[in-house]
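Please open the structure in your viewer and keep the selection panel at hand. The stops below are meant to be followed in order.

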Amino acid sequence: MDRHHSLDRQLHVANQRGEHMKIILGVCGGIAAYKAAELLREFQRRGATVQVVMTANAERFVTPLTFAALSGSQVMTSLWQPASTDDGQNFNIEHIQVTQDADVLVVAPATANMLVKMAHGFADDFLSATALAGTIPIVVAPAMNRHMWDHPATQANVEVLRQRGVQVVAPESGELACGMVGAGRLAEPDVIADRVFSVVKRAKDLIGETILITAGGTREPIDPVRFIGNRSSGKMGVALAETALERGAKVIFVGAFMTASVPSQCESIQVTTAEEMESVVLARLPDASIVIMAAAVSDYRVVCPAPEKLKKKESLTLELEANRDILRQVVEQRSAGTIVIGFAAETENVLDEGRRKLRTKGADLIVANDVSHSDSGFEADVNEGILLSQQEEQVVPRTSKREMADHILTWARSAIHLRHSRT
Ligand code: CTP
């Protein structure tokens with residue numbers, strides 16, 4: 001069976017399984033614990049079976065009996081409850097056993113304390129031990145006082161979890177139980193359920209593909225402390241990497257300077273200058289089936305950067321020479337099946353410039369976007385653009401960089417399929 005045939009079969013199986021999804025719902029001790037009952041009902045309405053795990057503090061807010069009655073099964077509350085046995089009379093280690101046939105662990109509400117435990121690998125209660133022992137996807141929906149949510153410690157823990165691939169359904173803004181108004185309220189059940197179902201049903205349609213992604217802005221030294229740089233944050237590249245990983249691809253991430261952090265599951269190679277990026281990209285090109293050049297590469301470098309810090313003068317003239325175009329070399333040196341995608345970040349004539357770059361660079365796809373607005377493009381979390389190929393022009397209206405990444409990867413997957421069907 002060819003690889004893409006077997007992939008379609010896997011997708012079919014995954015979709016079928018979604019209809020009989022098994023969810024572990026971890027409930028922590030916060031005032032929003034009662035809302036977990038509504039969430040449980042929402043999961044059931046969508047056809048899922050739910051196993052509830054509660055922390056000791058959660059039991060102070062809602063009794064396990066409520067969740068047992070709603071879910072139709074015993075609630076897991078303690079690492080020390082009597083162990084069950086399987087058919088062969090072997091003891092089940094419950095916090096390990098519980099994730100074996102489950103599709104996803106959802107922690108809602110997740111307290112600040114549970115985020116600390118999960119971020120640092122604590123396993124001193126049933127829920128944190130389950131999170132540590134399981135290899136299934138995890139979704140957390142935090143709820144807490146606004147100041148606790150905004151605290152750098154909480155934000156750092158959330159960032160650690162995000163980096164590890166945990167999906168975080170951010171709390172909503174509104175009136176909080178403590179009387180304050182702000183971010184901290186548990187997201188609505190349908191919002192959490194949407195995310196959970198999309199995580200589990202996420203098509204692993206890029207299994208077997210290796211995607212080389214460049215991201216961030218290169219820096220060209222002027223002297224040991226100064227450089228020519230640009231405003232690229234690397235967020236688009238990171239969104240592409242995260243999405244590609246979720247869809248089953250291997251990712252080689254060649255990152256220049258960036259503010260966003262690279263997912264730990266990538267093979268990450270850090271570079272500074274355009275020349276360094278060029279040599280890494282060309283060396284790794286044979287490993288990749290898809291190349292996405294999201295980096296903002298400096299067009300010029302300084303001829304002979306000063307060996308010592310330059311001193312202030314009336315005026316300074318820098319001699320610059322052009323960097324080679326990495327994308328064009330990738331197109332020339334790629335093997336026949338490799339898909340190459342470039343970006344055109346423009347401030348005017350976006351469509352014309354995008355079409356020109358599609359023609360002159362020879363890429364299979366150019367993602368043209370307008371970076372003249374401060375709220376989309378560079379540094380922002382949202383993006384909008386036009387996917388330009390020889391065959392079609394697809395407008396992607398303003399959306400998150402993750403959604404944009406999904407569009408680009410879906411295009412790449414179809415292009416690969418098309419090439420396979422022709423050979
Ligand atoms: N690119 C590259 N190597 C360069 C310059 C750009 O690989 N030396 C890639 C970028 O990663 C991006 C695409 O080419 O995918 C377009 O980059 P852009 O800076 O918009 O294009 P330029 O060729 O520099 O065109 P111009 O400066 O005229 O807009």
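Is D364 buried or exposed? With a relative accessibility of 13%, D364 counts as buried, where buried means under 20% relative accessible area, exposed means over 50%, and partly exposed lies in between (1.4 Å probe, protein chains only).

Before going further, note that this is a predicted model, in which local features need pLDDT of at least 70 and side-chain atom pairs count only at pLDDT 80 or more, while totals for chains, interfaces and linings use all residues. Residues are numbered from 1 along each chain as its sequence is written, and side-chain values use heavy atoms, with hydrogens and water left out.

**The whole chain**

Show the full protein chain in cartoon style, and its secondary structure comes to 15 helices and 19 strands; here helices (H or I, at least four residues) and strands (E, at least two) are DSSP runs, numbered from the N terminus. Taken along the principal axes, the C-alpha atoms fill a box of roughly 75 × 60 × 40 Å. Of the 423 residues, 49% count as buried. Among contacts (heavy atoms within 4.5 Å) between residues at least 6 apart in sequence, 67% join residues at least 24 apart. If you switch to a surface view, the accessible surface comes to about 20,800 Å², of which 51% belongs to carbon and sulfur atoms; such areas come from the Shrake-Rupley method with a 1.4 Å probe, and for residues only the protein chains shown count as cover.

**Around D364**

Return to D364 and add R419 to the selection: the two form a salt bridge whose closest N and O atoms are 2.8 Å apart, a salt bridge being a side-chain nitrogen of Lys or Arg within 4 Å of a carboxyl oxygen of Asp or Glu. Because D364 lies in the loop between α14 (350-361) and β17 (365-370) and R419 in helix α15, the pair ties together parts that are 55 residues apart in sequence. R419 is partly exposed, with a relative accessible area of 23%. Now select S389, in the loop between β18 (382-388) and β19 (393-400), which counts as buried at 5% relative accessibility. Leaving aside residues up to four places away in sequence, S389 touches D364 as well as L358, L365 and W411.

**Other salt bridges**

By the rule given above, the count for salt bridges comes to 25. For another example, select R402 and E246, where the closest N and O atoms of the salt bridge are 2.4 Å apart. This pair links distant parts of the chain, with R402 in helix α15 (residues 401-422) and E246 in helix α11 (residues 235-246), 156 residues apart. R402 is partly exposed at 28% relative accessible area, and E246 is likewise partly exposed, at 21%.

Next select R324 and E275, whose side chains meet in a salt bridge at 3.7 Å, N to O. R324 is in the loop between β15 and α13 (326-333) and E275 is in helix α12 (residues 274-284), so the pair ties together parts that are 49 residues apart in sequence. R324 counts as partly exposed at 43% relative accessibility, and E275 counts as partly exposed at 35%. Extend this selection to E278, R301 and E321, which are linked with E275 and R324 in a network of salt bridges.

**A nonpolar patch**

Which residues make the nonpolar surface patch of about 360 Å²? Select Y300, L316, L318 and L320 to display it; patches are made of residues with over 30% relative accessible area and no salt bridge, like charges being joined within 9 Å and nonpolar side chains (Val, Leu, Ile, Met, Phe, Trp, Tyr) within 5 Å. L320 is found in strand β15 (residues 320-322) and counts as partly exposed at 39% relative accessibility.

**Helix α9**

Select residues 152-163, which form helix α9, with 12 residues and a reach of 16 Å from first C-alpha to last. That is close to the 16 Å expected at 1.5 Å a residue, the expected span being 1.5 Å times one less than the number of residues. Within α9, the residues T154, N157, V158, L161 and Q163 are buried, and what covers the buried residues includes α6 (112-120), α8 (146-150) and β5 (167-168). After α9 comes G165, whose phi is positive, near 95°.

**Cysteines**

Finally, select C266, which counts as buried at 9% relative accessibility, and then C304, which counts as exposed at 68%. The count of disulfides (pairs of cysteine sulfur atoms within 2.5 Å) comes to 0.
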